[in-house]
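Here are a few exercises to work through with the structure in front of you. Try each task before reading its solution.

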Amino acid sequence: TCSFVVEGGDSMSDPFPAKVTNLLTRIGQLLIAKNQQYGDSVNNPIRLFSKLDSQAGVRVRIDDKLSRLARGNDSIESDMDIVDDLIGYLVMLKMIMEEEA
């Protein structure tokens, strides 16, 4: 396990902490909105076709997003959207892994 202590800093001299906080806040808001929109499909899937557990299901979604990113076809969604989704899926995977630990 790794832990970090974030020291207070002047965002004028070091914008990195503010940028990280802003980005993670936006990703968190996106993740919460998508979870509400899709009915908590990661933690409580309907399981019409797949019998995968939550962790395996998230890993499949990560693979799909990585595949789209590697193929570079942004006609369906932009690379930025794919990266945002990947970050969200990795956060969900981390949450599931921590719950299972």
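**Exercise 1.** Compare the length of helix α1 with its expected span.

*Solution.* Keep in mind that this is a predicted model. Step 1: helix α1 covers residues 16-37, which makes 22 residues. Step 2: at 1.5 Å a residue, the expected span is 32 Å. Step 3: from its first C-alpha to its last, α1 reaches 31 Å, close to that expected value. Step 4: look just past the helix, where glycine 39 follows with a positive phi, near 65°.

**Exercise 2.** Describe how α1 and helix α3 pack.

*Solution.* Step 1: two packed helices are described by the angle between their axes and the distance between the axes. Step 2: for α1 and α3 (residues 79-100), the angle is about 75° and the axes are 10 Å apart. Step 3: angles of 65 to 115 degrees count as roughly perpendicular, so α1 and α3 are roughly perpendicular to each other. Step 4: find the residues in contact. On α1 they are Ile27, Leu30, Leu31 and Lys34; on α3 they are Asp84, Asp85, Ile87, Gly88, Val91 and Met92. Step 5: sort these residues by type, which gives six nonpolar, one polar and three charged.

**Exercise 3.** Which parts does the salt bridge between aspartate 85 and lysine 34 tie together?

*Solution.* Step 1: side chains of opposite charge can pair when their charged atoms come close. Step 2: in this pair, the N to O distance is 2.7 Å, and a salt bridge needs the two atoms within 4 Å. Step 3: aspartate 85 lies in helix α3 and lysine 34 in helix α1, so the bridge joins parts 51 residues apart in sequence. Step 4: check the surroundings. Aspartate 85 has a relative accessible area of 10%, so it is buried, while lysine 34, with 27%, is partly exposed.

**Exercise 4.** With which residues does glutamate 77 form salt bridges?

*Solution.* Step 1: one partner is lysine 65, with the closest N and O atoms 3.0 Å apart. Lysine 65 sits in helix α2 (residues 54-71) and glutamate 77 in the loop between α2 and α3, 12 residues apart. Step 2: another partner is arginine 68, with the closest N and O atoms 2.5 Å apart. Step 3: glutamate 77 counts as buried because its relative accessibility is 13%, whereas arginine 68, at 36%, counts as partly exposed. Lysine 65 is buried too. Step 4: put the pieces together. Lys34, Lys65, Arg68, Glu77 and Asp85 are linked in a network of salt bridges, and the whole structure has five salt bridges.

Methods:
Residues are numbered from 1 along each chain as its sequence is written. This is a predicted model: local features need pLDDT of at least 70, side-chain atom pairs count only at pLDDT 80 or more; totals for chains, interfaces and linings use all residues. Side-chain values use heavy atoms; hydrogens and water are left out. Helices (H or I, at least four residues) and strands (E, at least two) are DSSP runs, numbered from the N terminus. The expected span of a helix is 1.5 Å times one less than its number of residues. Axes are lines fitted to C-alpha atoms, for helices over the stretch in contact, and angles run from 0 to 180 degrees between N-to-C directions. Angles under 35 degrees count as roughly parallel, over 145 as roughly antiparallel, 65 to 115 as roughly perpendicular and the rest as oblique. Contact means heavy atoms within 4.5 Å. Ala, Val, Leu, Ile, Met, Phe, Trp, Tyr, Cys and Pro count as nonpolar, Asp, Glu, Lys and Arg as charged, and the others, Gly among them, as polar. A salt bridge is a side-chain nitrogen of Lys or Arg within 4 Å of a carboxyl oxygen of Asp or Glu. Buried means under 20% relative accessible area, exposed over 50%, partly exposed in between (1.4 Å probe, protein chains only).
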